[in-house]
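Here's a quick tour of a two-chain model, strands and helices included. Have the viewer open and follow along.

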Amino acid sequence: MNEFSYIVGVTKEVGEGLALWNEKAREYVETYYQGLEQRARGTRFYRGVIKTRTITNSLPEIEEENIRSVFDDQNLLASIAIIQDTSILVEEELVNCIEIESIVNSPWNLIQYLVPERRKGAGTAIVEGIIKENREKGLSRILKLFAVPEEKIFYSDLGFTETDGSGEMILGESGAALLLNDLDQKRNSSTFD
Amino acid sequence: MSQELPETKDKKAYQPTPEQLARWKRLDENDGAIAGIMPPEEEQVRIFKEFLETDYLTDQLEKVRTHKEKLLKKLKSAEEYEEFLLEKIEEREAKKG
């Protein structure tokens, strides 16, 4: 199982990482999609480029305390998330939770072609990092996000459940605890070594 | 001649259930972590083309400079207000004295 280091805020490495994402993504468009937008359209990689671009377009204005990222064993930025505090109604009561406003993996973790930089598990690692960070701070571990339709299964497998069919998905306190336990069990098994 | 000793303790002893195995496999294969509201399709096409045609570093530099300019204006405004408040406090103290 690949391990990732979890970072809070925007470090020089995050800035460098995003510049590398841009460079590699353009390289992949040339190599795998003949440099054409329409050839890449509809792919996970394409959606990743869009999401990354919407993050970097507003990056200077995003509060540093709202940015989380994970780095892999090559010291490459593997996933980035923008989070914010919010609240949701649970059984007619407002409870605090963390909204993952945006999350996106590196282009090499999204492209369908096997590339040497790929390290599986970055998305899971950043969600795990956010839960653990909040647990350590004694804050709510409930997470909320809007899943891209094609990626709902990924979040379902992490324990998120859909609320109203709009794409909004919630990971409750018990789901978060189960996920952490599940990942510990994965680390303690030799299946994915 | 050295002899290999049998392992006495398996550090990774957890035996996953078949459901867990299937889920872990799916998570590894579908680690397409993308979330957040996506722009409409037309906007996506524009953004992707912009990504292909724009120099990232120059573009980021421009955005950082615009943001810095805004922050400097805010700072100037805060400093002016601070100055005003200090003057008012001084005036009040002078009247008292």
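## Two hairpins in chain A

Start with Val70(A), which sits opposite Ser79(A) in β3(A). That pair belongs to the ladder between β2(A), residues 67-71, and β3(A), residues 77-90, where 5 bridges hold the two strands in an antiparallel arrangement. Keep in mind that this is a predicted model. The two strands make a hairpin with 5 residues between them, and in the turn Asn75(A) has a positive phi of about 65 degrees.

β3(A) also pairs with β4(A), residues 93-105; this match is antiparallel too, with 12 bridges. Look for Asp85(A) facing Ile98(A) of β4(A) as a marker for the register. Just 2 residues separate the strands in this hairpin, and Glu91(A) adopts a positive phi near 45 degrees. As a reminder for reading side chains here, they alternate between the two faces of the sheet in a regular strand.

## Crossing over to chain B

The pairing doesn't stop at the chain boundary: β4(A) is joined to β1(B) by 2 bridges, again antiparallel. Val104(A) is the residue opposite Ile34(B) in β1(B).

How much of each chain takes part in the contact between chain B and chain A? On the chain B side 35 residues are involved, touching 48 residues of chain A. Four elements of chain B each give at least two residues to that side: α1 (18-29), β1 (34-35), α2 (41-53) and α3. Sorted by class, the chain B side comes to 20 nonpolar, 8 polar and 7 charged residues.

## Chain B on its own

Chain B has 3 helices and 1 strand, laid out along the sequence as α-β-α-α. Of its 97 residues, 12% are buried.

Is Lys68(B) buried or exposed? Lys68(B) lies in α3(B), which covers residues 56-96. It counts as exposed because it has 11 other C-beta atoms within 10 Å, and the cut-off for exposed is 12 or fewer. Now pick Thr17(B) as well: Lys68(B) and Thr17(B) are 51 residues apart in sequence, and their C-alpha atoms are 54 Å apart in space.

## A helix with two faces: α6(A)

Helix α6(A) runs over residues 173-187. Its 15 residues should span 21 Å at 1.5 Å a residue, and the end C-alpha atoms are indeed 21 Å apart, so the expected and computed spans agree.

Which residues of α6(A) are buried? They are Ala176(A), Leu179(A), Asp182(A), Leu183(A) and Lys186(A). Looking down the helix axis, these buried residues fall within an arc of 125 degrees, so they line one face of α6(A). The spacing fits the usual rule: an α-helix has 3.6 residues a turn, so residues three or four places apart point the same way. On the face turned away from the buried side you'll find the exposed residues Ser174(A), Asn181(A) and Asp184(A).

The cover over the buried residues includes α4 (122-136), β5 (143-146), α5 (152-158) and β7 (168-171) of chain A, and α1 of chain B is part of it as well.

## The nonpolar core

The largest nonpolar core contains 58 residues. Ile103(A), Ile126(A) and Leu143(A) have the most contacts inside it.

Zoom in on Leu143(A). Leaving aside residues up to four places away in sequence, Leu143(A) touches Cys97(A), Ile98(A), Ile100(A), Ile130(A), Ile131(A), Leu171(A) and Ala176(A). Two of those names have come up already: Ile98(A) is the residue across from Asp85(A), and Ala176(A) is one of the buried residues of α6(A).

Notes:
Residues are numbered from 1 along each chain as its sequence is written. Chains are lettered from A and ligands numbered from 1 in the order in which they are written. This is a predicted model: local features need pLDDT of at least 70, side-chain atom pairs count only at pLDDT 80 or more; totals for chains, interfaces and linings use all residues. Two strands pair if DSSP finds at least two bridges between them. A residue is buried if 20 or more other C-beta atoms lie within 10 Å of its own, exposed if 12 or fewer, and partly exposed in between; C-beta atoms are placed from the backbone. Two residues are in contact if their C-beta atoms, placed from the backbone, lie within 7 Å. Ala, Val, Leu, Ile, Met, Phe, Trp, Tyr, Cys and Pro count as nonpolar, Asp, Glu, Lys and Arg as charged, and the others, Gly among them, as polar. The expected span of a helix is 1.5 Å times one less than its number of residues. The arc is that of the directions from the helix axis to the C-beta atoms. A nonpolar core is a set of buried Ala, Val, Leu, Ile, Met, Phe, Trp, Tyr and Cys residues joined through C-beta atoms within 7 Å.
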